[in-house]
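Good morning, everyone. Please look at the screen, and I'll walk you through the cysteines first, then the sheet, then the confidence.

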Amino acid sequence: MQRNGGGVGAGGQPWVLRRVRLTWLSFMLFFILVFFPLIAHYYLTTIDEAGGPDKRIFGPRPGGELCEAKHVQDLCRIRESVSEELLQLEAKRQELNGEIARLNLRIEACKRSIDSAKQDLLQLKNVISQTEHSYKELMAQNQPKLSLPVRLLPDKEDPGLPPPKSARSCRLRSCFDYARCPLTSGFPVYVYDTGSYPWAEYLDPLVKQAFAASVKSNIYITDNPSIACLYLVLVGELQEFPTSPPPSPSELEKQLKALPYWRSDGHNHVLVHLSRKSMTQNFLYNVSTGRAAVAQSTFLEQQYREGFDLVVSPLVHALSEPNFLEVPPQVPVKRKYLFTFQGERVESLRSSLQETPPQSFEEEMEGDPPADYDDRIIGTLKAVQDSHLDQVLVEFTCKNPRPSLPTEWALCGEREDRLEVLKASTFALVIAPGDGQLVASAGCGMRLFEALEVGAIPVVLGDHSRLPYHQFIRWSEAAIIVPKARVTELHFLLRSLSDNDMLAMRRQGRFLWEAYFSTSENVLNTILASIRTSIQVPAAPIKEEPAQEIPHKAGKIAGTDANLADNGDLDLGPVETEPPYASPRFLRNFTYTAADTYRAWNRAPGPFHLFPHTPLDPVLPSEAKFLGSGTGFRPIGGGTGGSGKEFQAALGGNVPREQFTVVMLTYEREEVLMNSLERLNGLPYLNKVVVVWNSPKPPSDDLLWPDIGLPIVVVRTEKNSLNNRFLPWDAVETEAILSIDDDAHLRHDEIMFGFRVWREARDRIVGFPGRYHAWDVNHQSWLYNSNYSCELSMVLTGAAFFHKYYAYLYSYVMPQAIRDMVDEYINCEDIAMNFLVSHITRKPPIKVTSRWTFRCPGCPQALSHDDSHFHERHKCINFFVKVYGYMPLLYTQFRVDSVLFKTRLPHDKTKCFKFI
């Protein structure tokens with residue numbers, strides 16, 4: 001304890017001393033810091049006051065006497081020097097700031113120059129790449145580049161053909177002179193003047209007038225017989241009650257041989273007999289026609305030369321045009337009667353127009369009793385009617401039967417009465433003549449015509465019959481053809497057909513009737529198309545609308561709005577600086593005729609036109625572009641694929657590279673138009689811009705058009721019509737057309753995505769704003785609807801891609817009544833185009849991106865904002881349905897986005913589009 005206490009006491013004394021010293025030092029430091037300045041201030045102040053004003057040190061001295069002190073003078077000089085240096089430094093700072101600003105401007109200019117140089121380098125690389133591709137393609141190409149056929153005419157000298165073994169054995173290979181019809185001849189046709197040969201006085205006047213009117217409007221007709229490929233001779237129909245007997249077969253034969261270009265055997269001649277009545281005289285029976293082909297509705301088996309002669313449809317509407325609006329609708333599918341038949345069997349009927357012995361047409365048929373099933377047909381059909389399982393109408397006796405050929409079923413009553421019955425019939429029976437030797441008859445052709453006209457599906461009993469143009473038309477798609485022996489199973493067969501099949505057959509029948517049978521002009525066109533197709537000569541190229549360009553001044557350099565082309569760090573594609581790349585034209589001149597006969601004849605618009613290109617051309621398999629058929633293809637990553645960067649560097653896809661044309665309709669909105677054109681600057685794959693100036697007032701003389709680096713063609717129109725949007729202008733040299741309103745705002749990435757989607761769906765409309773047709777339950781009609789919906793059936797053509805092929809169809813093939821209504825309302829042209837494409841393809845349009853409408857800040861109010869706009873569109877839809885006979889629009893429940901949209905990617909991969 002003592003040791004501890006002693007330790008504490010011994011160690012505490014130094015600690016106390018250190019504390020005292022620390023306190024003393026703190027006191028001294030406080031005194032110095034506080035009191036010493038106070039004392040010094042007091043002392044100095046006392047001295048200053050004691051010395052008087054002249055002896056002051058710190059106070060002000062009058063007259064600058066302060067600076068007289070030497071040490072103060074030094075301070076003043078220092079102050080003045082510092083002030084001068086500060087002024088110099090400030091001036092230098094301002095000079096440096098100006099230099100920095102100038103350098104910043106130079107930096108920005110250099111950056112722009114670098115960006116421009118990079119863009120030029122990119123474009124130059126693209127040009128070099130395109131040139132290398134083109135060079136390689138040209139070196140590897142082993143197929144000539146085709147274009148519109150150059151016309152090649154036959155020689156004036158006719159060397160003639162070796163005679164066939166028999167005139168009845170004539171075929172094209174033995175009786176037709178191909179030398180007069182080169183593939184590029186244009187198929188010139190010479191028509192004999194009907195008033196210049198002896199039998200003209202016996203011809204039906206209506207047939208003569210209708211034939212002459214059709215010839216006048218036909219594009220193949222030539223007045224120069226020396227270059228003609230084909231020679232047409234009208235030989236019927238004869239008058240029903242001629243004033244004098246027509247020439248006998250031997251006399252007619254002599255008159256034919258006397259024709260100036262008959263050339264002894266009549267090769268390349270076609271004898272045309274157009275029937276207006278069910279009882280049509282077989283005027284050419286027992287007449288040796290040599291190498292001349294015969295086109296008529298009635299043929300005996302011994303007379304008909306398969307593949308050479310032509311079974312044609314009757315001429316019902318000689319000079320009158322059918323009213324398509326009076327044609328009954330195609331729905332409902334099932335009508336009042338399941339099937340109907342009205343006719344009376346003709347046992348014997350003689351014609352005074354044929355020679356009596358030997359072997360007139362009627363006598364030859366009567367001499368060979370028919371071995372048919374007519375009695376069984378009558379009994380079976382009556383049993384079906386009596387069973388009342390289905391409502392059917394069969395009548396085998398007529399109050400007023402029309403004259404018909406022997407063993408044929410005569411038509412009952414007047415045409416209007418027959419049509420009323422057929423309008424209520426789902427199926428219409430067409431019973432072939434009892435004698436199998438009568439392979440084609442005008443009576444059967446008349447029944448077929450009337451059934452197709454009103455939408456009754458023809459049921460042909462007798463598979464031996466030759467239906468009109470059967471070499472080209474696939475009648476099984478529009479009619480049911482069964483042998484007579486199956487009449488007992490006919491009822492079951494007709495009941496087993498689905499509504500889908502029946503409506504498809506009815507729609508196909510309507511197409512056949514409209515395209516080939518409805519008018520005298522169509523009948524003549526079909527006869528010529530049949531012969532032209534048989535000898536594999538392409539059709540005449542379809543007409544293009546010449547663009548009358550309005551001169552304009554391009555002086556305004558277009559800028560680039562980053563908001564319209566934002567796609568992150570990706571380029572949207574190369575802006576090709578080479579000359580605009582037009583789509584190849586007429587590459588399938590002869591394929592359409594030689595290898596695509598079925599589609600040409602059995603799908604709208606028919607075989608009457610040669611199109612520069614269509615959206616239905618076949619697509620090569622993927623490996624073909626790498627194994628010998630790579631001309632024009634630009635695969636992504638050279639074929640290895642890739643994500644965003646590789647994707648944007650090439651078009652890829654399944655078809656060769658191409659560009660598109662913007663067609664912009666405008667009407668007296670110059671400022672809006674200029675802004676829209678400027679937004680197209682820098683748009684990849686753009687070929688040119690065609691501005692359809694829809695106003696009679698020309699653009700302002702002082703209007704400066706933007707320079708977007710590509711041609712802007714301003715087209716003058718004849719009148720203010722919305723149909724001008726879809727005219728096939730010859731200035732449009734690409735297959736792809738982007739139809740866009742002058743007030744539609746689209747980003748570049750949206751346009752590029754729409755273009756890529758269209759390339760994979762070339763037969764459809766691909767666009768942005770979607771609309772749909774809705775059923776009005778109260779009024780049992782259709783309504784146009786623009787509300788947001790999960791289904792759509794239309795894409796507005798104010799911002800949509802479509803194929804130029806549809807511009808031809810809209811302007812030259814689509815019923816004129818539709819275009820007239822568009823002009824009347826100044827509305828509905830976009831609905832009409834959607835109807836047309838859906839009618840042709842039976843597919844709905846494709847919507848891309850989420851856009852449902854467009855907003856144009858500062859734009860004048862559009863027509864679509866008017867209350868009457870929607871009422872007119874309701875009327876348009878219902879009118880178009882009446883013209884087509886059904887509603888062609890189809891619904892779709894999806895829209896298209898890019899492949900990698902909302903997909904999580906590794907850091908080294910990029911998306912195809914940033915916002916799509």
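Start with a pair of cysteines: Cys828 and Cys876 are both buried. They are joined by a disulfide, with an S to S distance of 2.0 Å. About the S-S bond the angle is 80°, and the link of Cys828 and Cys876 is right-handed. This pair ties together distant parts of the chain, 48 residues apart. Cys828 sits in the loop between helix 19 (816-825) and helix 20 (829-841). Cys876 is in helix 21, residues 867-884.

One caution before I go on. This is a predicted model.

How many disulfides does the count come to? Four. I'll show you two others.

Take Cys181 and Cys229. Their sulfur atoms are 1.6 Å apart, and they form a disulfide. The link of Cys181 and Cys229 is right-handed, with 95° about the S-S bond. Again, distant parts of the chain are linked, 48 residues apart. Find Cys181 in the loop between helix 3 (172-175) and strand 1 (189-191). Then find Cys229 in the loop between helix 4 (205-216) and strand 2 (230-236). Are they buried or exposed? Cys181 and Cys229 are buried.

Next, Cys170 and Cys175. A disulfide joins them, S to S 1.9 Å. Which hand does it have? The torsion about the S-S bond of Cys170 and Cys175 is about -80°, so this disulfide is left-handed. Cys170 and Cys175 are both buried.

Now two more cysteines, and a little reasoning. Buried means under 20% relative accessible area. Cys444 has 14% relative accessibility, so it counts as buried. Cys912 is at 8%, so it counts as buried as well.

The same reasoning works for a serine. Why does Ser781 count as buried? Because its relative accessibility is 18%. Ser781 is found in strand 23, residues 781-785. Which residues does it touch, leaving aside neighbours within four places in sequence? Ser781 is in contact with Ala774, Trp775, Asp776 and Asn878.

On to the sheet. Nine strands form an open sheet. Follow the order with me: 14-19-17-16-20-25-21-26-27. The pairing is mixed. Strand 14 (548-549) and strand 27 (895-896) are the edge strands, and each pairs on one side only. What holds neighbouring strands together? Strands of a sheet pair through backbone hydrogen bonds, either parallel or antiparallel.

Let's look at one pairing inside this sheet. Strand 16 (residues 660-666) and strand 17 (residues 686-693) pair in the parallel sense. They do so over seven bridges. Pick out Leu665: its bridge partner in strand 17 is Val692.

A helix crosses here too. Helix 18, residues 804-813, lies across strand 20 (736-741) and strand 25 (799-803). The helix runs at about 85° to strand 25.

Last topic: confidence. The mean pLDDT of the protein chain is 85. Of its residues, 84% reach 70 or more. Two stretches deserve your attention. Over residues 1-12, pLDDT stays under 50. For residues 1-12 the model has zero contacts beyond four places in sequence. Over residues 562-567, pLDDT also stays under 50. How many contacts beyond four places in sequence does the model have for residues 562-567? It has 17.

To close, turn back to the screen. Find Cys828 and Cys876 once more, both buried. Then trace the nine strands of the open sheet, from strand 14 through to strand 27. Thank you.

Conventions. Residues numbered from 1 in each chain as written. Predicted model: local features only at pLDDT ≥ 70, side-chain atom pairs only at ≥ 80, totals over all residues. Heavy atoms only, no water. Helix = DSSP H or I, 4+ residues; strand = E, 2+ residues; numbered from the N terminus. Buried < 20%, exposed > 50% of the residue type's maximum accessible area, 1.4 Å probe, protein only. Contact = heavy atoms within 4.5 Å. Disulfide = S-S within 2.5 Å. pLDDT = per-residue confidence, 0-100. Pairing = 2+ DSSP bridges. Axes fitted to C-alpha atoms, helices over the stretch in contact; angles between N-to-C directions.
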